[in-house]
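Good morning, everyone. I would like to spend a few minutes on one helix and its neighbour, so please have a look at the picture before I go on.

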Amino acid sequence: MHADAVVLDVDGVLVDVADSYRRAVLESVARLYDRTVDRSAIQRFKDAGGFNNDWELTYAAALYVLADDREPLDIAEFTDRIHERGGGLSAAEAVAEAHLEPQNHDAVREAWDPEGLRAVFQALYLGADLFRELEGGDPPFEAPGYIHDEPVLVTGETLDYLTSRHRVGVLTGRPAAEADIALSRAHLAVPEDHRFTMDDWEEGKPHPRALTTLAERLNADSVAFVGDTLDDVRTAVNAADADPSRTYRGIGVLTGGLTGEAGREKFESVGASAVLDSVNDLPELLSDDR
């Protein structure tokens, strides 16, 4: 596969977030509402689309828990309906409203606390010290921070190959400060104008603007975007539609929530050009470009 530029997602590609971001989603809901969703539900939300922002995924999971307490609803049905409505938090809100009787919907909205969920999430994920540094205030409780439990997935050899033979960019849903921490841990240095974070655009994946902008900044005619979610691949597909002057390929990796043959099939179903066991298989995929 030829690619002038390689753009990398961070979570599930460069670092493993199963025991950090995803753990924080589950435990934030549990702390506020004394129950939470199963770990597998996180992937259901991701597959539904529009949940590149894990704060918003947390809000949607809490909304499901509150709605299910009032009027039982299967999590698969909830996330399928979200997908049918286009994905994301606004779709989750619409699904909950359509499912609930008006008085129950009012009660759920009153109990639903996105601001409180975000504060708990950041306290769990960042830990007390980083919370004070990055959030500019005291956390709601003291915690060591799951951010320190993110094993690096990418090897130095892979990064050496990519940075020596390709123009490299980063496209992530992380806030910039949290992206800095992960990139530093992975030992990947990327110029600021060659990366997009949550702080740099409002649309989020799978909107193509960030990827097409990176392609222009990297002066690339062909771009491979490597990610661990269906929305990552959809971003590349949408970029190809939005910018036919360049070639965009979405490459899925099976080191996030999608794994095994089922994960491979899901990636292929949304237009993945390749599916790899990990980002460390990328050099072999691109080897014809040497």
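When I say that residues meet, I mean a contact, that is, heavy atoms within 4.5 Å. Please also keep in mind that what you see is a predicted model.

In that sense, Asp54, Trp55, Thr58, Tyr59 and Ala62 on the α3 side meet Pro114, Leu117, Arg118, Phe121 and Gln122 on the α7 side. The axes of α3 and α7, the latter covering residues 114–135, lie 10 Å apart and make an angle of about 125°. Since angles that are neither roughly parallel, antiparallel nor perpendicular count as oblique, the two helices α3 and α7 are therefore oblique to each other, and α3 passes α7 in a right-handed crossing.

Now to α3 itself, which runs over residues 54–70 and spans 25 Å from its first C-alpha to its last, close to the expected 24 Å. Of its 17 residues, 14 are buried, so α3 is mostly covered. At the start of this helix, a side-chain oxygen of Asn53 comes to within 2.8 Å of the backbone nitrogen of Trp55.

That brings me to Trp55, which is found in α3. Is Trp55 buried or exposed? Its relative accessibility is 13%, and because buried means under 20%, Trp55 counts as buried. Leaving aside residues up to four places away in sequence, Trp55 touches Arg118, Phe121, Gln122, Pro175 and Met198, and with Gln122 there is also a polar contact of 3.0 Å between the two side chains.

Notes: Residues are numbered from 1 along each chain as its sequence is written. This is a predicted model: local features need pLDDT of at least 70, side-chain atom pairs count only at pLDDT 80 or more; totals for chains, interfaces and linings use all residues. Side-chain values use heavy atoms; hydrogens and water are left out. Helices (H or I, at least four residues) and strands (E, at least two) are DSSP runs, numbered from the N terminus. The expected span of a helix is 1.5 Å times one less than its number of residues. Buried means under 20% relative accessible area, exposed over 50%, partly exposed in between (1.4 Å probe, protein chains only). A polar contact is a pair of N or O atoms within 3.5 Å; within protein, one must be able to donate a hydrogen and the other to accept it, and residues adjacent in sequence count only if both atoms are side-chain atoms. Axes are lines fitted to C-alpha atoms, for helices over the stretch in contact, and angles run from 0 to 180 degrees between N-to-C directions. Angles under 35 degrees count as roughly parallel, over 145 as roughly antiparallel, 65 to 115 as roughly perpendicular and the rest as oblique. A crossing is left-handed if the near helix is turned anticlockwise from the far one by less than a right angle, and right-handed if clockwise.
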